[in-house]
Amino acid sequence: MTESTFKLTYATMFNPPEELHRQYEDALKKVKAQLGKNYGMIINGKERYSAEVFENRNPANTDEVLGVFQKGTRQDVEDAVQSAKTAQIKWKRIPWQERVAIIRKAADNIDKRIYELAVALSLEVGKNRMEALGDAAESADLMRYACDQMEANDGFIHRMGKDPLAGYDATNISMMLPYGVWLVISPFNFPCALTGGPAGAALVTGNSVIIKPASDTPWAPRIYVECLLEAGVPEGVVNYITGSGSEVGQTLVEHPFIDGITFTGSYDVGMRIYRSFSQWIYIRPVIMELGGKNAAIVSKNADLETAAIGIMRSAFGLQGQKCSACSRVFIEEEVYDDLVNLLVTLAEKITVGDPTRREIYMGPVINRNSYQDYQNYIDDLRKSGRILTGAKVFTEGDYAKGFFCAPTFVADLPLTHPLWQQEMFLPITTIAKVDSLDQAMTYTNQVKYGLTGGFYGTEEEAAWFFDNIEAGVVYANRPQGATTGAWPGFQPFGGWKASGATGKQAGGLNYLQQYMREQSRTLIRRIS
Ligand code: NAP
């Protein structure tokens, strides 16, 4: 594939160039001509096939088999862990500058295959063109950011002070060293960025990696692993293993040779993994990026056009299946009716359908479970609240074989209703009228989650919002998205409270250190 002549940043690219569409369409033709391949796992650099397999089907057209993937076994887990453990010994010893060069090359390989990756992401996740390209581009940028951080910190090797000991010279060095074998478990909604970001950080710091992608989306992570191997990541240093979370994933989590985990996914699974991983004779690091229940607050002083577009994008981008999706909106009563009218007008203009088509904004939800959940929530919300728009599934014609849901805004849901608390992870956003910004903030913080938040109002009000909201990523007056669209190097991304474990955010200054442990080295020489 040819390289692009422009920089892809999906949160800022409102009007992408023609070239982007042309390259995407070329890739779509090529990829579609080869659907249904049997993809091995990659263990110790070799393809590994199982007796049992599973199909990866297109959620926009479930007749279409995108690929066949392996159900890994206990033996596959054992072999992957052993090879990662052995390979890490050499990997950690190569100079960090060489690791940086290899990971940068892998990021370049992602750029070279970005349209192929984007098509895979559109087909397996249901991402529209910009969302799909954004996911792939973000994985490369997260890796580059990790490389830049290694350089900015001189490989995290620092000379410390000399002890004032007469007659002796001291050499004191602080070194950050890798833990060993790092497990990366990724979710279905960002299969590339949330595999590539953590794996890139683990690798560049000298860990070996085992990747376990979500069973709905094993394809893009497989292409990502190929990009690593083609860049020169040695055999065994990266391993890719597929199969169900409750079997393959859990077996990996329980393996005594796993030295650290980055898990991105739901709160319930994350907490289970956290508890399970702590059942060991010492404490090992675990980075958790979990769910969200993100709110936007709109003041009576807000620019309502900006607020409406930002909220709409964050509520319904990727069908509301982003951890950062805007699922709650609190609006001051003075502007409530006007903003609601704008939101409904925008939602009704949203195009739903095959996400590979240029004009489509919302693709299908990921699978039959999500599709059924949507219908169950809508039944409940119809009884307990007032549907403003949406609240239906599409089943006719081209929609018949996919999981297509309408973007839905709901008003007048009592604030005591459990759906104000629960992450639905669907294109459903509830809206409430508030008497004051203080009241909005109380409701906003009254959930266990604390991932992202958005605000529209004056700059003084925005300062108050930043100081009071309990969330890791917060935006004010942003048209690109009220609560979504963080980019490495610009908005470090991670959650507080039930949304994350460490408070050190991906694509930010404090992330990479989590993949290393410090060794303080002191050497004393007698000089008199
Ligand atoms: P999920 O159901 O929790 O699954 C996430 C991953 O965990 C998948 O690879 C899954 O494999 C695996 N898994 C399941 N059970 C496991 C177990 N017992 N042991 C080890 N691994 C196990 O989440 P999802 O539906 O893919 O993703 C949506 C969730 O992720 C939402 O809650 C969303 O908010 C959250 N998310 C958070 C962030 C963030 O940065 N905070 C970003 C994206 C998504 P299988 O697919 O094979 O079950």
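These notebook entries record what I looked up in a predicted model.

**Entry 1: cavities**

I began with enclosed space. Rolling a probe the size of a water molecule over the atoms shows where empty space is left. I found 4 cavities of 30 Å³ or more. The largest cavity holds about 90 Å³ of space. I noted that 15 residues line the largest cavity, and that the closest to its centre are Gly-320, Ala-325, Ser-327, Glu-423 and Phe-425. I then sorted the lining of the largest cavity by residue type and obtained 8 nonpolar, 4 polar and 3 charged residues.

**Entry 2: helix α6**

I turned next to helix α6, which covers residues 193–204. How far apart are its end C-alpha atoms, and what span should its 12 residues have? At 1.5 Å a residue the expected span is 16 Å, and the end C-alpha atoms are 16 Å apart, so the two values agree.

I also asked how many of the 12 residues of α6 are buried. The count is 11, so I recorded the helix as mostly covered, buried meaning under 20% relative accessible area. Among the buried residues are Ala-193, Thr-195, Gly-196, Gly-197 and Pro-198. The list of buried residues ends with Leu-203 and Val-204. Just after α6, I noted that Gly-206 has a positive phi of about 105°.

**Entry 3: salt bridges**

I counted 26 salt bridges in the structure. I examined three pairs and one network.

In the pair Glu-52 and Lys-71, the closest N and O atoms are 3.9 Å apart. Glu-52 lies in the loop between β3 and β4, and Lys-71 lies in the loop between β5 and α2, so the salt bridge ties together parts that are 19 residues apart in sequence. Glu-52 is exposed at 52% relative accessible area, while Lys-71 is partly exposed at 36%.

The side chains of Lys-162 and Asp-169 also form a salt bridge, with 3.2 Å from N to O. Lys-162 is exposed, at 53% relative accessibility.

For Lys-300 and Glu-332, the closest N and O atoms are 3.9 Å apart. This pair links distant parts of the chain, 32 residues apart: Lys-300 is in the loop between β13 and α10, and Glu-332 is in strand β14. Is Glu-332 buried or exposed? I found Glu-332 to be buried, with a relative accessible area of 4%, whereas Lys-300 is partly exposed at 40%.

Finally, I recorded a network of salt bridges that links Glu-47, Arg-113, Glu-116, Arg-222, Glu-226 and Glu-230.

Methods
Residues are numbered from 1 along each chain as its sequence is written. This is a predicted model: local features need pLDDT of at least 70, side-chain atom pairs count only at pLDDT 80 or more; totals for chains, interfaces and linings use all residues. Side-chain values use heavy atoms; hydrogens and water are left out. On a 1 Å grid over the protein atoms alone, a cavity is a set of points where a 1.4 Å probe fits but cannot get out, and a pocket is an open set with protein on both sides within 12 Å along at least five of seven lines; lining residues have an atom within 4 Å of a point. Grid points are joined across faces, edges and corners, and a volume is the space filled by probe spheres set on the points. Ala, Val, Leu, Ile, Met, Phe, Trp, Tyr, Cys and Pro count as nonpolar, Asp, Glu, Lys and Arg as charged, and the others, Gly among them, as polar. Helices (H or I, at least four residues) and strands (E, at least two) are DSSP runs, numbered from the N terminus. The expected span of a helix is 1.5 Å times one less than its number of residues. Buried means under 20% relative accessible area, exposed over 50%, partly exposed in between (1.4 Å probe, protein chains only). A salt bridge is a side-chain nitrogen of Lys or Arg within 4 Å of a carboxyl oxygen of Asp or Glu.
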